[in-house]
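Trainee: I am new to this structure and would love a close look at one part of it. Could you walk me through the place where the protein meets its DNA, and how the two copies share that job?

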Protein chains: 2
Amino acid sequence: MTATDTTFRRLCAQHGIAVTHQRQVLYEVMQGMDGHPSPEEVYARVKREIPAISLATVYKNIHLFVESGVLREVSLHHGSQRVEMNEAEHHHMVCSRCKAISDISADALNLPEQRRQLPGGFLVERYSVDVIGICLECQGLERGASRV
Amino acid sequence: MTATDTTFRRLCAQHGIAVTHQRQVLYEVMQGMDGHPSPEEVYARVKREIPAISLATVYKNIHLFVESGVLREVSLHHGSQRVEMNEAEHHHMVCSRCKAISDISADALNLPEQRRQLPGGFLVERYSVDVIGICLECQGLERGASRV
DNA sequence: TATTGAACGATAACTTTTATTGTCTATACT
DNA sequence: AGTATAGACAATAAAAGTTATCGTTCAATA
């Protein structure tokens with residue numbers, strides 16, 4: 001039993017999900033990847049370990065990992081393109097439960113002075129802040145009676 | 001000639017794009033929409049004004065508007081899902097030209113104290129900051145010789 | 001007003017993601 | 001340990017979102 005093996009089993013126990021061979025390999029392979037891999041990239045990489053694995057399994061388990069908090073996704077609103085109709089300077093509040101996006105004025109967030117230059121010589125144009133949290137409606141559902 | 005009509009013609013002149021009936025109606029319809037409409041939603045709405053319009057036209061012109069700066073998109077990385085492999089607390093630098101995403105530590109941005117509660121009773125879990133700008137490579141391309 | 005390159009509509013194709021279905025396996029319970 | 005069963009798996013079809021192709025029509029400008 002390796003170290004990551006134990007870690008993964010503990011993670012699964014914590015989040016109440018079953019330990020399977022596919023999930024374990026998936027987790028370990030992803031741990032070894034840098035950057036921000038897409039499901040396809042993960043699939044290509046994990047296929048080297050389990051050639052018979054299905055793309056659907058990769059998708060389902062990435063979802064499961066994200067839902068259960070084992071993993072995080074880069075952006076909560078990557079489904080389809082959305083355009084900005086609010087012309088005022090603003091940022092976004094994104095509900096982590098229902099994914100709803102609402103605007104919040106830049107003032108209400110009082111951000112610090114923006115750097116013009118960042119590590120790696122990155123030239124700053126603007127900041128775009130997503131405040132991740134739970135919207136009022138989803139808070140209500142959480143407190144309220146259980147759904148049928 | 002209406003007010004928005006004139007506005008739109010000026011915008012097109014500024015950005016060097018042709019004025020067509022479809023683009024004009026598209027622009028006006030979108031101005032009248034709230035929130036963060038998707039291309040499909042825009043299509044449904046604009047179809048009421050121009051029943052014969054094609055979905056492809058909507059997509060092409062939303063792209064054009066975004067590229068030319070007439071319109072902004074909510075998120076620069078909505079293509080496919082991406083998962084986070086960096087476990088440290090960090091944010092992102094997103095190149096507006098090549099869309100590359102790189103990590104930047106939370107310290108390097110020195111964000112203000114996070115509010116726990118925001119307008120509308122939104123309960124904050126965390127902030128996720130995208131710094132939009134131009135990466136070093138794209139700066140080089142810009143300065144350097146013109147491409148073939 | 002005639003010319004011409006760009007934009008349009010129709011639709012096929014492509015990419016990404018989800019759903020379905022029959023088989024298999026991990027887990028719980030003897 | 002042996003078995004029942006809920007859940008996970010692979011294969012694949014289908015849905016959703018987006019882009020490309022191509023013949024026709026229109027806007028810019030001479």
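Through which surface do the copies meet, and what share of the interface residues of chain A are also interface residues in chain B?

Mentor: Happy to help, and please keep in mind that this is a predicted model. The copies meet through the same surface, because 100% of the interface residues of chain A are also interface residues in chain B. The superposition fits with that picture. A turn of 180° and a shift of 0.0 Å along the axis lay chain A on chain B with an RMSD of 0.1 Å. The two copies are thus related as by a two-fold rotation axis. If you want to find that axis on your screen, look for His78(A): in chain A, its C-alpha is the one nearest the axis, at 1.7 Å.

Now let us turn to DNA strand D. It is surrounded by 18 residues, and the closest come from both chains: Thr20(A), Thr57(A) and Gln81(A), along with Tyr59(B) and His63(B). Sort the residues of this surface by class and you get 8 nonpolar, 8 polar and 2 charged. Which part of the strand do they meet? Of the strand D atoms within 4 Å of the protein, 84% belong to sugar or phosphate, and the rest belong to bases.

Some individual contacts show this at the level of atoms. In the side chain of Thr57(A), an N or O atom is 2.3 Å from a phosphate oxygen of DNA strand D. On the chain B side, His63(B) places a polar side-chain atom 3.2 Å from a phosphate oxygen of this strand. Val19(B) takes part through its backbone, where an N or O atom lies 3.1 Å from a phosphate oxygen of DNA strand D. As for the elements, those giving two or more residues to the surface near DNA strand D are α2 (21-31) and α4 (55-68) of chain A, together with α4 (55-68) of chain B.

DNA strand C comes next, so swap the chain letters in your mind and see what you find. Here, too, 18 residues surround the strand, and the closest are Tyr59(A) and His63(A) from one chain, and Thr20(B), Thr57(B) and Gln81(B) from the other. Sugar and phosphate make up 82% of the strand C atoms that come within 4 Å of the protein. The class count for the surface near DNA strand C is 8 nonpolar, 8 polar and 2 charged.

Again, a few contacts are worth clicking on. The side chain of Tyr59(A) has an N or O atom 2.4 Å from a phosphate oxygen of DNA strand C. From chain B, a polar side-chain atom of Asn61(B) lies 3.1 Å from a phosphate oxygen of that strand. Gln81(B) uses its backbone, with an N or O atom 2.7 Å from a phosphate oxygen of DNA strand C. At least two residues each of the surface near DNA strand C are supplied by α4 of chain A and by α2 (21-31) and α4 of chain B.

Since α2 of chain B is one of the elements beside DNA strand C, let us look at how this helix sits in the protein. Its buried residues are Arg23(B), Gln24(B), Val25(B), Leu26(B), Tyr27(B), Val29(B) and Met30(B). The cover over them includes α1 (3-15), α3 (39-47) and α4 of chain B, and also β2 (83-84) of chain A. The partner chain is thus part of what covers this helix, because β2 of chain A is among the covering elements.

One last stop is Ile53(B), which is found in the loop between α3 and α4 of chain B. Its relative accessibility is 5%, so Ile53(B) counts as buried. Leaving aside neighbours within four places in sequence, Ile53(B) is in contact with Gln22(B), Tyr43(B), Val46(B), Lys47(B) and Val58(B). Take Gln22(B) from that list: it is 31 residues away from Ile53(B) along the chain, yet their C-alpha atoms are separated by 7.6 Å.

To gather the thread, the copies meet through the same surface, and both chains give residues to the surface near DNA strand D and to the surface near DNA strand C.

Methods. Residues are numbered from 1 along each chain as its sequence is written. Chains are lettered from A and ligands numbered from 1 in the order in which they are written. This is a predicted model: local features need pLDDT of at least 70, side-chain atom pairs count only at pLDDT 80 or more; totals for chains, interfaces and linings use all residues. Side-chain values use heavy atoms; hydrogens and water are left out. A residue is near a molecule or strand if one of its heavy atoms lies within 4 Å of it. A polar contact is a pair of N or O atoms within 3.5 Å; within protein, one must be able to donate a hydrogen and the other to accept it, and residues adjacent in sequence count only if both atoms are side-chain atoms. Helices (H or I, at least four residues) and strands (E, at least two) are DSSP runs, numbered from the N terminus. Ala, Val, Leu, Ile, Met, Phe, Trp, Tyr, Cys and Pro count as nonpolar, Asp, Glu, Lys and Arg as charged, and the others, Gly among them, as polar. Copies are superposed by least squares on the C-alpha atoms of residues with pLDDT of at least 70 in both. Contact means heavy atoms within 4.5 Å. Buried means under 20% relative accessible area, exposed over 50%, partly exposed in between (1.4 Å probe, protein chains only).
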